[in-house]
Each structure stands twice: as structure tokens, then as C-alpha cells.
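Open your viewer, get your selection tool ready, and let's take a walk through this model together. At each stop you will hear what to select and what to look for there.

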Amino acid sequence: MSLDEVEILLVEDNPTDAELTIRALRKNNLANKLVWVKDGAEALDFLFATGAYSERNMEGLPRLILLDLRMPKVDGLEVLQRIKADERTMKIPVVVLTSSKEDRDIVESYKLGVNSYVSKPVEFDEFTEAVSTLGLYWILLNKPPE
Amino acid sequence: MNEKTKILILEDVPLDAELMEHELYREKLQFESLRVETREDFINELENFKPDLILADHSLPKFDGLSALKIVEKKCPQIPFIFVSGKIGEEFAVEVLREGATDYVLKNNLSKLVPAVERALKEANEQIELKMAEEALRNREEQLRMITDNMLDVVAQIDGDGTLQYVSPSVKTNLGYEPEYILGKSISELLNLINSDDLEKVKSTFRAVDRSSPNKLEFRCQHADGHNMWLESIGNPLLDDEGKIIGAIFAIRDITERKKAEKELKKYHEQLEKMVEARTAELEAINKELESFSFSVSHDLRAPLRRIDGFSQALLEDHEDKLDPQGKDYLNRVRLSAQRMAELIDDMLKLSRLTRSEMHREKVDLSEMADTIAKELQNTQPERQVEFLIEDGAIVNGDARLLRATLENLFNNAWKFTSKHPSARIEFGITEYNGKPVYFVKDDGSGFDMKDVDKLFKPFQRLHTSDEFAGSGIGLATVQRIIHRHGGLVWAEGELEKGATFYFTI
């Protein structure tokens, strides 16, 4: 898989959680063109082809971003804000994934223009279902605006 | 005048007296008269007859008019005295008028008698009225003086030059100075008694007395014994008929004690404010800490639970062939425990959110709310035989969202704990305690033992096992927190298998 044909960008600092999310996506064949970055800074580097990803072609943008909110360095809300503020990336659907059930995170995410919000349920079946539904929705059914 | 005028006639010739009386009758004067001709009789009748007017001849065989006049002037000068005489020289006339006679009339010109009498009576009347008015004024002045003399406050009056014309004796008890020390002094001489910090204030207020009235001022002043005291004075300008200032009156009060109390009060107030501030800051900090604690609980405790559940499932799915039924059962129990713990965390967060969220008080119809909740409950299990009795008119002032949570919890409990009975009755009503409305939710379900009543409202305290009745044990803790936040009370009564009643006030 070339980094220029990525379908899903998973931004998640915890490798265990990342593994579980990827597993949930894989069950629905959504993990084939997935890139996992470990924090907000790396996510921004990837999206804007800077730093370690400066070789990447800016044209090839993911079709969906799964974003954890609580991350070291640059946190999820800031990443979200940067994505939605930039014309090149603002159209990419962003689904926020977080353990948090705090209202303020949800409110803040919607203010910044998040497309969906998944509060990760403890029960894994539920989580699998939620992630898969959202993934399928945004990747397969929802054509990005040309 | 309704009463007859009493006229004493000093006349030795009865015919002359009759002529005078005739003249008075002719002019329709209402009178009674008495004639005397000796000094002795004259003096006696002054006492006994009490004449309103005296008509006197000039010369009598044993007495004379001038002597009579002198007696009257001495004994009762207010009685008008008219000479009625045959002939009277100008010199004599001047003399008698100087001696105090009211008038004189010549016997050969008696037509002048009645006007003279009437004039004399009128003047005498006016004199009396004037005297009475003067008397009243004097009494009033006396009263006022008594009031000012006996007042606890100090009253002082100054004239236009600022010289003290009057100061009430209370200046001694209040300020320690003898009134004589103050009287006659000018205000500027007394300014040195005033605390230098207040001097300008006193001066400017004093100057303002002639412009605005009344004029109130608080200032410090030195007591005769040297100690400082607080005084309050109210000044009013004294004006003459033309509105010109001719002085001022001050009422001065010792407010040292009041000032002391005010100072103390202010000190306490400031202390209290500081305490409140500190406490508020403390509470704010605690609240903030609690918030971040809840946040991390929400986030950090759930994440590992999800992993436990997730990998247990991965294990079940990916390595199913390597697990015997017991192994699978263990893994399922691991998953159930993780899920149960997640529920507990969620409930705990809900409870803590209730205490933190802002209150929005409004008019809330609890009866209507109870009715809706009852219908919702019935819809969840239409097959159950539950009779709901909801009393109308429970209107309170509170946070609708929180009160809804309260009623939901109480009704859910009633619904839950009546579920083992074939039919049940759930009641919402209003009663009264100490004159205040008390609301209650009553059921005839499984109830509880009164010895456990204290455990009811403690979070995560449960009186039943999960097998008997499901629940996490925060429902009543939630109710209690909400009611307490509204400043109300909540309590319960119950009996095993007879039912439970939960009361609350708002």
C-alpha cells in the first residue's frame, strides 16, 4: 500500500487501543488501506506532508480520519481544528473516538466541525459495531464532495 | 357676650346712678349693677361682686374716685375704670388717665357713656386675650425648655455671629463640659475640641448649614476628660420672617458606642467575607479537582476495561479451538465483570455530575411530571397490574431536569420493588409537615426494614442482591443530592413486604 492511497488514518496514542480498533475495522474489511499514527503531531505531519512524511504526495489524502481526543504532544481537538481550518483537508470526514463521555468534549468537537463522534463503549461488540458502521458509512456510502 | 356685664357704680347720688343705668338700658347693654358709696363697701364688692367694669364718681362724701382708682390699679388692674363725673378739669382728666383710668365721661353728656363702656369692655377683653396668649406662649416656651433641658442629646443654638446662645444641660453628661463653659463662646473658640482629621469636614458642613437643611454630620470630638468621642450632629438654620439666617440650632448625639459597634461589625463582616472568599476558592479548587478527577475516571478507567473486554473477546474468537467450555466460561465472566465495572463508573460519574451541574430554578409541576413518568413506566411493561394515584397541584420552584431525575428514580424504585407482587399501587401525593408542603411517593411493594433506613441513601449501598432486584445503588443517593441541592429534605418510611414511602420537601 502506498502512503498516497490511504483510506483511513487512525490517530491513536495507545497501541493496545489501536490494535483493538484495527481489529474491529478488519472484521469488516476496512483495515486494508489504513495508516496508524501515534500522536497528533504525527497526524499533522502525515496530512500536510511535513516532517517524517515530507516525501508524501499531498494530493493523496485519506478518505476518513479516526481521531482519538486524549493524546500527548498535540491533542485530538487541536488536530481536528487544524484539519477543519485548512482548505485542503477540511472536507475529509473526521470521526472522533474517545473513552471520554464528558459533554464538553462532544460539544467542543462539534464546534470544530467533527463529522461523527463515537464514545468508545467498554463492551467490545458494541465498539466493533460502532466503528464498522461509521467506517462503512464514510468510506463506502458517503462520497466526498468533488 | 352672653353673660351679663357686672358693673360696680361708685356713686353717692342714687339718681345719678339710675341715670347711668337708664342710659345703659337704653342702649340695650346686658348688665347688672351694684351701687356703693363707701371705701369699705367698694373694697368688699371688688371681692364679692367681681365687677367687669367700674363707673366711679369723682367726689363722694366719704370717699373719692381717685383713691378708688388707686385701689383698683393695685388689686385688679385688668378691670376697666371709667370716671363719670359732674365736672372734670383737663388737668384732672390727664392725671386720672395717667393713673390708669380707662376713660372719663361727663354727667351732663351721658350719651358718651355707652360708647365709652363698650370701648372699655372691648379693650379689657383684648387685654385678657393677649394675656392668655402670652401665658400660653410662656407655657410653651417653658415646655420646650424643659424638653431641651431634659434631653439626652445636646441641643445648642447659635446666633448669626456664631456665638452660643443656648446649650442644653446634657452637654455636661455627654461631653463633660458645664453649660456655662460653652455658653457665650463663639463656635470658632470651640473648634479646637474637634479632632483635627474631622475639622475641615465640620467647617464645611457648618458653612453649608445656611444653604441646605437639615445638615447631618459625624465627627470626633474631645471630651472634657480628654478622651476622644464620636458625635453626630444635625444642624438647622434659624430664619427670621424674611427668610434671613439669624442663627442655627444643632442637635448633637454621642455615637461613640454605635461607632464602636459599627467598627466591630465591619471587622466581623470583613473577616467573614475573607472566610467566604477563602472557602469559595477552596470549593472552587475542589470542584475543579473533582471535575478533572471525573474526567480521568471517565477516560482512564474505562480504557483498560475496554481492553480487558476487547482482548477477552479476541481470545474467544481467535483461539476458540484451544479453550474448553470452562475456559470460555471464565472469559465470559471476565467480560461481564469488566462491563459491570463500566456501569458502576458511569453511574458514579452521573452522580458527581449532578452535584456539579448548574441549577436553573423555574416553576415545575411535579404532578404533571409524575403522571408522564407513570405512563412511561406502564408502557415498558403493559402486562403489569399497577394502579397509579397522582395528586394534582404539586407545583414547586426548582430545576426541572434534576427534579425529573428525582421523580424518575423514586418511581423506578416503586415500579421495581412492586414487581414481585401480582398487583400494586403507586401513589404520588402532597401532605404537610410544620406548615410546609411535603411530597411523597408511596408503594405497596417489598418495602424495607426500618433498621436499614440509614443505608438507603448511601451510594452503592444495596439492600437487595442483584438477583432479587437489579440496580447499582445510586438512585436514592442521587435523589438525596438533588433534594439537598434544592435546600430540601428527604426521608423514608417502610415495612418489609408492606411497602415504602419516600418523602421530600423542596
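Start by selecting Ile426(B) and Asp443(B): Ile426(B) stands opposite Asp443(B), which belongs to strand β15 of chain B. Before moving on, know that this is a predicted model, in which local features need pLDDT of at least 70, side-chain atom pairs count only at pLDDT 80 or more, and totals for chains, interfaces and linings use all residues. Residues are numbered from 1 along each chain as its sequence is written, while chains are lettered from A and ligands numbered from 1 in the order in which they are written.

**Stop 1: a sheet in chain B**

Select residues 436–443 of chain B, which form β15(B), together with β14(B); the two pair in the antiparallel sense over 8 bridges. Strands here are DSSP runs of E with at least two residues, helices are runs of H or I with at least four, and both are numbered from the N terminus. Two strands pair if DSSP finds at least two bridges between them.

Now add β12(B), which pairs with β14(B) (residues 423–433) in the parallel sense over 6 bridges. Which residue stands opposite Phe388(B) in β14(B)? It is Ile426(B), where you began.

Widen the selection to the whole open sheet: 5 strands in the order β12-β14-β15-β17-β16 of chain B, with mixed pairing. β12(B) and β16(B) (490–495) stand at the edges with a single partner strand each, so one side of each has no neighbour in the sheet. From one strand to the next, the twist averages 15 degrees. For such angles, axes are lines fitted to C-alpha atoms, for helices over the stretch in contact, and angles run from 0 to 180 degrees between N-to-C directions.

Is β12(B) (residues 385–390) largely in the open or buried? The number of buried residues among its 6 is 0, so β12(B) lies largely in the open. A residue is buried if 20 or more other C-beta atoms, placed from the backbone, lie within 10 Å of its own, exposed if 12 or fewer do, and partly exposed in between.

**Stop 2: two helices in chain B**

Select α12 (residues 366–380) and α13 (residues 400–417) of chain B, which pack at an angle of about 45 degrees with their axes 10 Å apart. That angle makes α12(B) oblique to α13(B): under 35 degrees counts as roughly parallel, over 145 as roughly antiparallel, 65 to 115 as roughly perpendicular, and the rest as oblique.

Show the side chains where they meet: Leu366(B), Met369(B) and Ile373(B) are among those from α12(B), and Leu403(B), Phe411(B) and Trp415(B) are among those from α13(B). The residues of this contact divide into 10 nonpolar, no polar and 2 charged. Here Ala, Val, Leu, Ile, Met, Phe, Trp, Tyr, Cys and Pro count as nonpolar, Asp, Glu, Lys and Arg as charged, and the others, Gly among them, as polar. Contact is called when two C-beta atoms, placed from the backbone, lie within 7 Å.

**Stop 3: a long-range pair**

Select Leu301(B) in helix α10 (residues 256–318) of chain B. With 18 C-beta neighbours inside 10 Å, Leu301(B) counts as partly exposed. Add Ala342(B): 41 residues separate the two along the chain, yet their C-alpha atoms are 8.2 Å apart.

Now show all of chain B, with its 14 helices and 17 strands. Of its 506 residues, 26% count as buried.

**Stop 4: over to chain A**

Select the open sheet of 5 strands in chain A, ordered β2-β1-β3-β4-β5 with parallel pairing. Its edge strands are β2(A) (34–37) and β5(A) (116–119), each pairing on one side only. Zoom in on β1(A) (residues 8–11), joined to β2(A) by 4 bridges, and find Ile8(A) opposite Leu34(A).

Next, select helix α3(A) (residues 76–85), which lies across β1(A), β3(A) and β4(A) and runs at about 150 degrees to β3(A). Add α2(A) (residues 40–47): this helix packs with α3(A) at about 20 degrees, their axes 9 Å apart. That makes α2(A) roughly parallel to α3(A).

**Last stop: where the chains meet**

Show both chains and their contact, which takes 15 residues from chain A and 16 residues from chain B. On the side of chain A, α1 (15–26) and α5 (124–141) are the elements that give two or more residues. The largest share, 4 residues, comes from α1(A).
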